Amino acid sequence: MRHIEIPREEDAPDAFKYWKRRHPGAKYYRFKDARVKRVLKDSLIARQKFLCCYCESRIDGENSHIEHIEPQMGGLSERSMDYSNMAASCIRDPKKNEPDFIPRTFEELVGSTLHCGHARGCNRVVSPYDERCERFFEYSFSGRVSVSRALSDPDEIALAEDSIEYLRLNVPSLVLLRRIAMFEAVKMLGDGIPADAVLGESGGKLPPFYPAEKTAVEKARGAAKPAAQEEVSEQFA
Ligand SMILES: [Zn+2]
C-alpha cells in the first residue's frame with residue numbers, strides 16, 4: 001500500500017466547502033449533489049495520482065467511489081463530511097459484482113470481484129494515510145501481496161493480515177494484474193528504460209500497482225548488482 005499524505009480540510013474543492021457551509025452539520029448520506037460529489041472525487045483521484053487508495057489499480061471518475069477512512073457507520077460517524085477522512089477507492093457500483101456479471105472492459109474485469117472500499121465494510125484496516133502502511137506489505141512475482149516479514153509487532157502483523165483479508169487484496173483479478181505490472185516493469189528495465197522512468201509519473205499519474213512495480217524494479221536491480229560490482233572491482237584491479 002502506498003502512503004498518501006492526509007488531505008487538509010482547507011485543500012478541499014471550493015464547491016464542496018460551499019456545500020458544507022450551506023448545509024451545516026449534514027452527514028454524508030444527505031450529500032446528494034452529483035456535480036459537487038464529482039468535483040470532490042476528482043480532487044481525491046488527482047491527489048492519489050489516479051491509483052486506488054488500497055490496491056493501487058488505475059482509477060478515474062467512472063470506476064471509483066469516495067471511501068471513508070473512518071467508516072460512515074450507518075450515519076453515526078462524525079467525520080463523514082471531513083475531507084481529511086476521504087479517499088478514492090476502486091469500483092464505482094458494487095451491484096456490478098453479481099455472480100452472473102460478465103466483465104466486458106478492463107475496468108469491469110478489475111472490479112468484477114468485490115474488493116477494497118466496497119468489500120471492507122466497517123472492518124478495521126490500515127489507512128493509506130498511516131505512514132506505517134508502506135512497510136506492512138511485500139509483493140512477490142506471483143502477484144500476491146503478503147504481510148511483510150520485517151514486521152515484528154504483533155498488533156501491526158494482525159492489522160496487516162486483517163487489511164489483506166478485509167480489503168481482499170489477493171482476489172484473482174488483482175493478483176493477475178499485479179503480476180502483469182511487475183513483469184512489465186522488469187521487461188522495461190531489460191529494454192534499457194531507466195528505473196525512475198519505469199516508476200515515474202506521467203501526466204500526474206503513477207503507474208498502476210506502483211508499490212508492487214517498485215518491488216519488482218528493486219529485485220531486478222538487486223539481482224543485477226553483483227555483476228555491476230564485479231565490473232567496478234575489475235576497473236580498480
Ligand atoms: Zn482498489
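This is a short talk on one predicted model, from the overall chain down to one helix and two loop residues.

I'll start with the whole chain. There are 8 helices and 4 strands. In sequence order they run α-α-β-β-α-α-β-β-α-α-α-α. So much for the layout; next, burial and contacts. The chain has 237 residues, and 31% of them count as buried. If you take the contacts with a separation of 6 or more, 67% are between residues 24 or more positions apart.

Now to helix α2, which covers residues 34-47. Its 14 residues span 20 Å from first C-alpha to last, and that is close to the 20 Å expected at 1.5 Å a residue.

Which residues of α2 are buried? They are Leu40, Lys41, Leu44 and Ile45. Note that a lysine, Lys41, is in that set. Looking down the axis of α2, the buried residues fall within an arc of 135 degrees, so they line one face of the helix. The other side of α2 has Arg35 and Ala46, which are exposed.

What covers the buried residues of α2? The cover includes a helix, α1, at 14-22. It also includes two strands, β1 at 64-68 and β2 at 86-90. If you have the structure open, those are the elements to display alongside α2.

Moving past the end of the helix, we come to backbone angles. Just after α2, Lys49 has a positive phi of about 55 degrees. Then there is Phe50, in the loop between α2 and β1. Phe50 has phi near 65 degrees, again positive, and this is a residue other than glycine.

Is Phe50 buried or exposed? It is buried: 21 other C-beta atoms lie within 10 Å. The cut-off for buried is 20 or more, so Phe50 with its 21 meets it.

The last residue on my list is Met73, which sits in the loop between β1 and β2. Met73 is also a residue other than glycine with a positive phi, here near 50 degrees. How many C-beta neighbours does Met73 have inside 10 Å? The count is 13, and Met73 is classed as partly exposed. A residue is exposed at 12 or fewer, so 13 puts Met73 in the class between exposed and buried.

To recap the two loop residues: Phe50 is buried, whereas Met73 is partly exposed. As for α2, the buried residues line one face, and Arg35 and Ala46 are exposed on the other side.

Key
Residues numbered from 1 in each chain as written. Predicted model: local features only at pLDDT ≥ 70, side-chain atom pairs only at ≥ 80, totals over all residues. Contact = placed C-beta atoms within 7 Å. Expected span 1.5 Å × (residues − 1). Arc of directions from axis to C-beta.
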